[in-house]
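The exercises below ask you to trace a sheet and its contacts, and each is followed by a solution that goes step by step. Please look at the sequence and the structure before reading on.

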Amino acid sequence: SSDLHFNRVQATQRALTAKLTVGDTVKITGGDPRYVGMVGTLDKVQRIRCFCIVEGVTKPVYLFTSDVEKVEEETEALAV
């Protein structure tokens, strides 16, 4: 249980330092395994939570902001 608490504290601290804004393109790196690795657009950003719109998923995915990683436009262009 102390490991779980430690992980949660870390996730919360990362979430508070992440600078995310609505419309950002992000890659999902944590949370529900079904969505990990998917790329989406932020629809709503709160203090430590966010909603991400992912193509093919009916409703926005609810995540900790620490579960997403901002995708820079340049890296996206290289990936194509």
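Two strands pair if DSSP finds at least two bridges between them, and strands (E, at least two residues) and helices (H or I, at least four residues) are DSSP runs numbered from the N terminus. The model is a predicted one, in which local features need pLDDT of at least 70 and side-chain atom pairs count only at pLDDT 80 or more, while totals for chains, interfaces and linings use all residues. Residues are numbered from 1 along each chain as its sequence is written, and side-chain values use heavy atoms, with hydrogens and water left out.

**Exercise 1.** Work out the order of the strands in the open sheet, and state which strands stand at its edges.

Solution. Begin with β1 (residues 25-28), which pairs with β5 in the antiparallel sense over 3 bridges; within this pairing, K27 has E69 of β5 as its bridge partner. On β1 there is also an antiparallel pairing with β2, again over 3 bridges, where T25 is partnered by T41 of β2.

Next, follow β2 to β3, since the two run antiparallel and are joined by 4 bridges, with T41 standing opposite I53 in β3. These two strands form a hairpin that has 3 residues between them. Then pass from β3 to β4, which also run antiparallel with 4 bridges joining them, and where C50 stands opposite L63 of β4.

Put together, the 5 strands give the order β4-β3-β2-β1-β5 in an open sheet with antiparallel pairing. The edges are held by β4 (61-64) and β5 (68-70), each of which has a single partner strand, so one side of each is left without a neighbour in the sheet. From one strand to the next, the twist averages 50° (an angle between N-to-C directions, running from 0 to 180 degrees, of axes that are lines fitted to C-alpha atoms, for helices over the stretch in contact).

**Exercise 2.** Describe the surroundings of G40, and decide whether G40 is buried or exposed.

Solution. First locate G40, which has its place in strand β2 (residues 39-45). With 5% relative accessibility, G40 counts as buried, where buried means under 20% relative accessible area, exposed over 50%, and partly exposed in between (1.4 Å probe, protein chains only).

Then list the contacts (heavy atoms within 4.5 Å): leaving aside residues up to four places away in sequence, G40 touches D24, T25, V26, C52, I53 and V54. Finally, the C-alpha atoms of G40 and K27 are separated by 6.5 Å, although these residues are 13 residues apart along the chain.

**Exercise 3.** Which residues form the 2 salt bridges, and how far apart are their N and O atoms?

Solution. A salt bridge is a side-chain nitrogen of Lys or Arg within 4 Å of a carboxyl oxygen of Asp or Glu. One of the pairs joins D24 to K70, with the closest N and O atoms 3.5 Å apart. Because D24 lies in the loop between α1 (2-17) and β1 while K70 is in strand β5, this pair ties together parts that are 46 residues apart in sequence. D24 counts as buried at 11% relative accessibility, whereas K70 counts as partly exposed at 41%.

The side chains of R34 and D32 also meet in a salt bridge, at 2.7 Å from N to O. Here R34 counts as exposed, at 60% relative accessibility, and D32 is partly exposed, at 27%.
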